[in-house]
Amino acid sequence: MLIVEDIVSLALTYASQLEAAGCQVEIADSGEKARYYIEAGKRERQAFDVILLDLKLPDVDGLDFLADAPELTKHASVVVITADGSINRAIQAMRLGAYDFLVKPVSVERLTTTVKRAGERLRLEQEVQVARSLQRREQFQGFIGGSDVMQVVYRAIENVANSKATVFITGESGTGKEVAAEAIHELSQRRSGRFVAINCGAIPENLLESELFGHVKGAFTGALENRTGAAREASGGTLFLDEICEMELKLQVKLLRFLQTGMVQPVGSNRTVPVDVRVICATNRDPLVEMSEGRFREDLFYRLSVLPIDLPPLRQRGDDVVLLAQAFMTRFSTEEGKTFEALDDETQQTLHRYHWPGNVRELQNEIRRAVVMSAGNQLSLAHLGTAAAAPAMRAESGGSEPTQPQHAPDAGADAAPSGLAFQGLTLEQIEKMAIEKAIANNGGSVPGAARDLAVSPSTIYRKLEKWSLTGTSS
């Protein structure tokens, strides 16, 4: 990468921080020198991936520098940095093709995270160009979607399948991280072995070690017999550790030792047992943020993320939302013994407008609800829940404020329920009311509701799935 900064002390500080993060850095203290380095890189076929550009240089304004070289942002991710935090200059920089805008002073974490993501964005765009030249697939190993970003994901899964290295899958809740892990397993030479999945966020801390590595009889209260553990059960196959960032630091140390040695030590035993297993892990959090805040070990992250795969949110997948909705409608209508016509234009537009904070999982639940509740042969917008109730919500596009989804009861929705309101209701119905109210208060966001209720998002998604299947009423 190239740092264009005329204050030597700042340039050296940025260079030191970014080199520590694994970047190869060149420094230019003027626009003229920056142009020289950029042209030299082109001649030597070693173009810069990322350019960190100060907007106030001694010989040129940074915005003029960008305007005079429009092709620059096509071949590199430009991150502008300045002490001038004017929103107008930020907007101008973005319009000229800048990837991001940083205001001095900038923290080490913010700088390194932004630069790394800028480099990843460039790599992704290059892979998209390659994907466009290849045969497009609308279905792949459990995935449905023909968008450019999903073509990149499909190729990445194929590329890593037969490697022995660990894979780190990142992406928001509901984007299909377990589907990706299963696809890697099915395409690998380990497909004859078992695929064992463990949700690190759904198992209490004091039991997770036993679930992973097993225990011997009498190791703790309730250990009435020996337990093999997921790592040994997956020997010869694949071990998938979902929500890895939920794992406590003490157990992270033991997991790191297991990955380095290939040996497991059951709880309560002084013997280690060799295991032949391929590890895939996933998280819906930003691992760089988790590391910077001390919740995830840096050495474990670099040991796990040898082969990273990032799954795009549904709002970035274009027409995939319609492909998925049509596929879910076909599947669920068959299960329900119903017949529906293809989704009409109005329904498709509604699906496109909504932000889908719960991604594919949320879409699946919404379509299942609509199939169950709709009469006739046309899927009714009135039963699309959050999608129909929030037509103004837009993915990353500004627009008007999101409309609250209509999950919660209308009457008295803003008031705290009294004891009388619970009379005649089961515990499950009360729980459903609380969850739906929390989702409504968070604009349809399940992760936001989970934070309010102090539970894992996966817990809420499982309950929503259960209620959609059973038709439980609140």
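Let me start with the elements I will name: helices (H or I, at least four residues) and strands (E, at least two) are DSSP runs, numbered from the N terminus. What you see above is a predicted model, in which local features need pLDDT of at least 70 and side-chain atom pairs count only at pLDDT 80 or more, while totals for chains, interfaces and linings use all residues. Residues are numbered from 1 along each chain as its sequence is written, and side-chain values use heavy atoms, with hydrogens and water left out.

I turn to the second largest pocket, a pocket being an open set of points on a 1 Å grid over the protein atoms alone, where a 1.4 Å probe fits, with protein on both sides within 12 Å along at least five of seven lines. Its space comes to about 790 Å³, the volume being that filled by probe spheres set on the points, which are joined across faces, edges and corners. There are 30 lining residues, that is, residues with an atom within 4 Å of a point, and Gly 174, Gly 176, Glu 178, Val 179 and Arg 361 lie nearest the centre. At least two lining residues come from each of β7 (143–144), α8 (177–187), β9 (195–199), α14, α16 and α20 (457–470), and α20 gives the most, with five.

Two of these helices also pack together. The axes of α14 (residues 320–336) and α16 (residues 359–373), lines fitted to C-alpha atoms over the stretch in contact, come within 9 Å and cross at roughly 45 degrees, with angles running from 0 to 180 degrees between N-to-C directions. The contact (heavy atoms within 4.5 Å) includes Phe 328 of α14 and Ile 367 of α16.
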